[in-house]
Amino acid sequence: MSVKSELLKLLEANRDKDLSGEQIAKSLNVTRAAVWKAVQALQSDGYEIDAKNKLGYRLSGKSDRLSAEGIGLYLEKKDTKVIVLPEVDSTNNELKRIAMSAPDDEGASGGIVVLSEHQTSGKGRRGRGFYSPEGSGIYMSILFRPDEERASDVVLVTTQAAVAVAHAVSLVCKKETKIKWVNDVYSDDKKICGILTEAVSDFESGGIELVIVGIGINVRRPADIPDDIKDIMGFIYDENEDENVSRNEIAATVINELQKYYDDLPDRSFIKEYKTRSNVIGKRIRFGTPGSIPGASGDDWREGIAEDIDDSGGLIVRLEDGSVEVLRTGEISLRVGE
């Protein structure tokens with residue numbers, strides 16, 4: 001590990017104190033000159049470091065850049081491989097490129113995560129884009145290679161990811177979160193997270209070779225928001241809130257929760273929390289099938305009451321005529337005022 005990386009790890013672990021150049025040099029077993037050179041390199045990368053001659057160095061309270069070093073401090077599985085990039089087309093695409101060229105055993109337990117400060121072509125469901133402004137959100141993808149025990153349950157990975165995000169945000173940010181079926185996470189009635197899961201099949205066996213879970217979380221409000229999403233886009237923290245949880249800690253907690261839920265995937269223990277956090281059960285909804293959504297007209301949608309969620313994550317809907325339908329995929333919207 002480079003001196004710059006070691007220094008960043010040290011500063012992230014000591015955000016609440018000043019570290020003298022002498023302390024840092026001794027801890028890293030390098031010269032004071034090497035410390036100063038590493039400080040300058042981090043500043044060039046965009047890190048805000050308060051450098052005081054007598055007190056030493058510390059990361060500014062305003063410095064909140066994603067880093068493998070910062071995330072690693074909070075990870076429960078220390079062998080998780082974390083890659084943080086300044087910009088990518090999409091983290092799903094980048095992780096797919098990495099995974100397809102990696103050894104079969106790399107990331108076998110969900111050990112590869114790619115994050116980026118900015119996505120130029122963030123991917124949402126149904127071919128939509130995902131707005132990914134620099135420095136204000138968490139855009140990441142995590143790899144799973146399903147074993148025989150989990151192969152039949154991979155359709156539930158998206159469901160468990162929604163629970164993982166909702167639980168993590170509640171845990172570290174102390175925010176109430178809800179889940180809109182299938183996989184959107186809400187806070188204060190606005191969407192703060194979208195999830196896109198992609199599977200890659202093995203051509204010879206026909207089975208699932210790998211699953212990539214893409215997660216986009218809106219942490220704080222950027223300076224500019226497109227008009228078409230301004231009214232529906234939510235954030236963990238608003239402009240007037242003095243937040244004190246770093247994006248690194250939030251990202252690591254999501255990774256921890258998702259890895260734990262994936263390890264327990266066969267017993268489906270997360271379904272209970274998924275139902276508890278649902279913001280649709282008991283409400284009147286409109287729903288459509290995947291094929292009907294792109295050019296949806298009034299006739300493409302049906303209505304009913306969302307009554308429950310089954311053990312496979314399906315939404316149980318009672319229709320106007322009293323019959324029951326279980327939705328396994330598709331799109332829903334809540335009717336305002338009902």
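Residues count as exposed when their relative accessible area is over 50%, and as buried when it is under 20%. With that in hand, here are the close-ups; keep in mind that this is a predicted model.

**View 1. Helix α3 has a buried side and an exposed one.** On the outward side, turned away from the buried face, α3 shows the exposed residues Ala33, Lys37 and Ser44. On the inward side, Val35, Ala38, Val39 and Leu42 are buried. Looking down the helix axis, those buried residues fit within an arc of 105 degrees, so they line one face of α3. And what sits over them? The cover includes the helices α1 (3–13) and α2 (21–28), plus the strands β1 (49–52) and β2 (56–59).

**View 2. α3 end to end, with the glycine that follows.** The helix covers residues 32–44, which makes 13 residues. From the first C-alpha to the last it reaches 19 Å, close to the 18 Å you'd expect at 1.5 Å a residue. After the helix comes Gly46, and its phi is positive, near 105 degrees.

**View 3. Ala33, on the outward side of α3.** Ala33 belongs to helix α3. Is this alanine buried or exposed? Its relative accessible area comes to 55%, so Ala33 counts as exposed. For a distance to check on screen, try Gly21: its C-alpha lies 9.0 Å from that of Ala33, with the two residues twelve apart along the chain.

**View 4. Asn92, a buried polar side chain and its contacts.** You'll find Asn92 in helix α5, which spans residues 91–101. Why does Asn92 count as buried? Its relative accessibility is just 4%, and the cut-off for buried is under 20%. The side chain of Asn92 makes a polar contact with the side chain of Ser141 at 2.5 Å. The Asn92 side chain also reaches the backbone oxygen of Leu196, this time at 3.5 Å. Leaving aside residues up to four places away in sequence, Asn92 touches Ser141, Leu196, Glu198, Ile212, Val213 and Gly214.

**View 5. An open sheet of five strands.** Reading across, the order is β13-β12-β11-β10-β14, and the pairing is antiparallel. The edges are β13 (324–327) and β14 (331–334), each of which pairs on one side only. From one strand to the next, the twist averages 45 degrees. As a general reminder, strands of a sheet pair through backbone hydrogen bonds, either parallel or antiparallel.

**View 6. Inside that sheet, from β10 to β11.** Strand β10 (residues 284–288) pairs with strand β11 (residues 302–309) in the antiparallel sense, over four bridges. To find the register, start from Phe287: its bridge partner in β11 is Arg302.

**View 7. The β11–β12 hairpin and its positive-phi glycine.** β11 and β12 (residues 315–319) are antiparallel and share five bridges. One of the facing pairs puts Gly304 opposite Leu319 in β12. How many residues lie between the strands of this hairpin? There are five, and Gly313 takes a positive phi near 85 degrees.

**View 8. β12 and its pairing with the edge strand β13.** These strands run antiparallel, joined by four bridges. Leu315 stands opposite Leu327 in β13, which gives you a leucine pair to zoom in on.

Methods
Residues are numbered from 1 along each chain as its sequence is written. This is a predicted model: local features need pLDDT of at least 70, side-chain atom pairs count only at pLDDT 80 or more; totals for chains, interfaces and linings use all residues. Side-chain values use heavy atoms; hydrogens and water are left out. Two strands pair if DSSP finds at least two bridges between them. Helices (H or I, at least four residues) and strands (E, at least two) are DSSP runs, numbered from the N terminus. The expected span of a helix is 1.5 Å times one less than its number of residues. Buried means under 20% relative accessible area, exposed over 50%, partly exposed in between (1.4 Å probe, protein chains only). The arc is that of the directions from the helix axis to the C-beta atoms. Contact means heavy atoms within 4.5 Å. A polar contact is a pair of N or O atoms within 3.5 Å; within protein, one must be able to donate a hydrogen and the other to accept it, and residues adjacent in sequence count only if both atoms are side-chain atoms. Axes are lines fitted to C-alpha atoms, for helices over the stretch in contact, and angles run from 0 to 180 degrees between N-to-C directions.
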